[in-house]
Amino acid sequence: MPADFNWAIGGEAGDGIDSTGKIFAQALSRAGRHVFTSKDFASRIRGGYTAYKVRTAIDPVQSVVDRLDVLIALTQRTIDENLDELHEGSVIIYDGDRSTMADVEIPEGMVGLDIPLKALAEEAGGAIMRNVVALGAACAVADFPIENLDSALQKRFGGKGEAIVENNKKAARAGLEYVHDEYDHEFDYDLETTDEDYVLINGDQAIGMGAIAAGCRFYAGYPITPATDVMEYLTGRIERYGGHVVQAEDELAAINLALGAARAGARSMTATSGPGIDLMTETFGLVATSETPLVIVDVMRSGPSTGMPTKQEQGDLNMMLYGGHGEIPRFVVAPTSIDECFWKTVEAFNFAEKYQVPVYVAADLAMAVTEQTFSPEAFDMDEVEIDRGKVVDDDSIDEWLDEEGRFQPHALTDDGVSPRAFPGTEQGAHMSTGLEHDELGRRTEDRSMRVEQVDKRDRKVETAKETEDFSPREFGDADSDTLILSWGSNEGALVEALDFLEEDGIDVRFLSVPYMFPRPDLTEEIEAADEVIVVECNATGQFANVVEHDTLTRVKRINKYDGVRFKADELADEIKATLDAEEVSA
Amino acid sequence: MSSNVRFTDFKSDKQPTWCPGCGDFGTMNGIMKALANSGTDPDNTFMVAGIGCSGKIGTYMHSYAIHGVHGRSLPVAAGVKLANPDLTVVAAGGDGDGYSIGAGHFIHAVRRNVDMAYTVMDNRIYGLTKGQASPTSREDFETSTTPEGPQQPPVNPLALSLAAGGTFIAQSFATDHKRHAEIVQEAIEHDGFGFVNVFSPCVTFNDVDTYDYFRDNLVDLADTDHDPTDYDAAKEKILDSSKEYEGVIYKDESSVSYEQKFGVDQDMSDIPSGAPDDAMDLVREFY
Ligand SMILES: Cc1ncc(C[n+]2csc(CCOP(=O)(O)OP(=O)(O)O)c2C)c(N)n1
Ligand code: SF4
């Protein structure tokens, strides 16, 4: 019996694939099983292939693998699209009466279960429940106690009334019983349950939750895949804490709204994806020059231009590091997992205010739309600390007034950080501008003041490097000669790939880097290794280039830019191939 | 807020670099008077400006202020106001800033109806970049980039505002000190987005829309029987291109500001030192 179980439902967009997948994921999570979901979707609302995949195990799962054990196929295309992942013995549940499955072809060696999903759903109260019938059938195949599905159905439909919940439960049982009655096949699966309580959350939601935990009160955004979930999460929740969400007319407005709120003293955030970052870049320079604390989330997707809006890529690193005219210090933090989306967002707010800088949170599609189970303690709110940096009040402002009693928001300090006065603070009235300015914030073209202000802003980076811990997250064998580096959502697949490699007797050291700027100095680690491989989802190796630049050492690269995230097993093979190639040429 | 604020309290000690005679001096003085008369003080006032000669206004005034990027003052101002509704927020800019690069924001700021004032120094030219056509330039107005004139009709900012659902639409003239200050004050005190298009002549690059031109063609609505609460009357004035009107042209007395509508009434700068007490409920939602 395999340690994990991989399940998917696929069909056309509009078939209710997402919600059905989510119900099953929730049922598993509520049964105390770990879950990791992934979505294949196209950039259209109706029609076009779409699938929701669920991997589940008793142990934590944090990536996808190249394997599918049970597939609910609403269309023939679903089978075709997933042929690579299906294997000998895979079960395909389908409704032979459905027009899209009229000439269904079950590949050799696989088990096709033809179930009248629609007819059974109608008997239970409505054709709309045919996917739930299929879920019941999946429970039969996986030997998964159907009561857990009930609990997920209750959560999903509870708001619509008990009758609806009951009908859905009936529909699920119809599917289960149909399999029991009609197929006396021995299935290989036995999905045990545990008493653990897990939460099931995606990266965008974790970012939104992190923002609220960190005291974010103002959010302005403009919808864009795959960042919209952040806004949807905050809407309706942030108000409970006295905050507000504005759907702006465009990204230019969004970042300017957020900037205004930040100048007024609110912890403020916007989130978008690459095309939106392009538009925001104009104001980004103003945010940095005016030393305004602001958190900007870039949930990366496949570019350039509109690229592949629903596909994975980590192609915006260069833009986040270098985007904008002139030279401006900015922080770029890059969560490496879904729970880290929460913690890095909290940290981003602290960085923004402590150093009075714009902070990019570099997330990506693969983690934004993926759900994963965690123990609630993974988001232990008692651990959240808020540091607002050098804020002055009516009493402490005296120290920062010049001889004429004027407040100096850009005072030249040793650590590069100046005092901040929120509007309403007596004697704090001051000017913020994108023009080069003096300590009072007033325009200047004085050569020495220009140099001093540039140096002051850059000094914050040095201060942060001395004060903060920018270490990478470390996995694998610390003594190995092979060093793997990566950033962003690849961490989960790599961590699991380490297990596959270990089975083959290959030990590697893996550093997952969550800070792109300021970033850790990896020279020592790189010099200690014989082989360095940088893994990332882009074509040009943007992070690899940075690493080479920092450490003056050539690195090997594994790049994926077909729009699909790394799979753990596939990645293990690639790493092996890279290492073998090295041996051959040596 | 202190009651004995004088308008000079809003003056910074920075000397304006505007050309002598520029309409922006009068515009700025009127805004400062309006602020003082409305009862706010510099520490509770936030000025937001864009780019252009007009955009320098925040620099010459004393208050909390931001001098933003070209065309984007309105979203900044809305952000300030929503984060701290206790502040008096005034956005200022030029006709290029507001009706060209920032035209999209203008329409949406009008729709949003955040409680603030927006004063556009309309000189019907780009001043700071030295004399190119602006969206309010006349069709035949010859400039360095439009030697034969733009040959497109000028935008009518008042009509744009009305079409977008404006709740306060006014026009003033920079040198009519008293009227201008009154009108701006009324815009500040209006519950919602108070829009004032200010005729603010550029003495260097515009020899058509001059002080004399406005003096000769301006009709003060205070001298007529115009009722600003009458939508149809306002529409008629706004679409009448034969005259230049001064005064409050339209005022929706039932206007409800964005903040009121959405219950945004807290100073958002005040947050606890850790996560909210009930934050674990946010996690539990994901069971
Ligand atoms: C993005 C951007 N584009 C262009 C400019 C150059 N620019 C500066 S001021 C200005 C026009 C300003 O015209 P207006 O708003 O009418 O103000 P005025 O100077 O006439 O008061 C332009 C185009 C800029 N600063 N930023
Ligand atoms: S160029 Fe025109 S608008 Fe600019 S300061 Fe001079 S007169 Fe005023």
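This short talk goes through a predicted model of two chains, A and B, taking each chain, then the interface, then two residues of chain A.

A few conventions before I begin. Because the model is predicted, local features need pLDDT of at least 70 and side-chain atom pairs count only at pLDDT 80 or more, while totals for chains, interfaces and linings use all residues. Residues are numbered from 1 along each chain as its sequence is written, chains are lettered from A and ligands numbered from 1 in the order in which they are written, and side-chain values use heavy atoms, with hydrogens and water left out.

Let me start with chain A. Its secondary structure amounts to 18 helices and 23 strands, where helices (H or I, at least four residues) and strands (E, at least two) are DSSP runs numbered from the N terminus. The radius of gyration of chain A is 26 Å, which agrees with the value near 25 Å for a compact globule of 586 residues; the radius is taken over C-alpha atoms, and the globule rule is 2.2 Å times the number of residues to the power 0.38. Along the principal axes, the C-alpha trace of chain A spans about 90 × 65 × 40 Å. Of the 586 residues in chain A, 63% are buried, with buried meaning under 20% relative accessible area, exposed over 50%, and partly exposed in between (1.4 Å probe, protein chains only). If we take the contacts in chain A between residues at least 6 apart in sequence, 73% of them join residues at least 24 apart, a contact being heavy atoms within 4.5 Å.

Turning to chain B, we find 10 helices and eight strands. Its radius of gyration is 20 Å, close to the 19 Å that the globule rule gives for 287 residues, so chain B is as compact as a globular protein of that length. The C-alpha atoms of chain B fill a box of roughly 70 × 45 × 40 Å, taken along the principal axes, and 60% of its 287 residues count as buried. For contacts in chain B between residues at least 6 apart in sequence, 71% join residues at least 24 apart.

Now to the interface, where 52 residues of chain B are in contact with 71 residues of chain A. The area buried between the two chains is about 5000 Å², and carbon and sulfur atoms give 63% of that; buried area here is the accessible area (1.4 Å probe) that two parts lose on being put together, summed over both. Which three residues supply more than any other three of the area that chain B buries against chain A? They are Tyr64(B), Phe286(B) and Tyr287(B), which together supply 17% of it.

I will close with two residues of chain A. Glu491(A) sits in helix H15, residues 490–503, and counts as buried because its relative accessibility is 2%. Leaving aside residues up to four places away in sequence, Glu491(A) touches seven residues, among them Arg473(A), Phe475(A) and Phe510(A).

Ser375(A), by contrast, lies in the loop between strand E14 (371–374) and strand E15 (391–392), and at 28% relative accessibility Ser375(A) counts as partly exposed. Its C-alpha atom is separated by 8.0 Å from that of Glu196(A), although the two residues are 179 residues apart along the chain. With residues up to four places away in sequence again not counted, Ser375(A) touches Asp197(A) and Tyr198(A).
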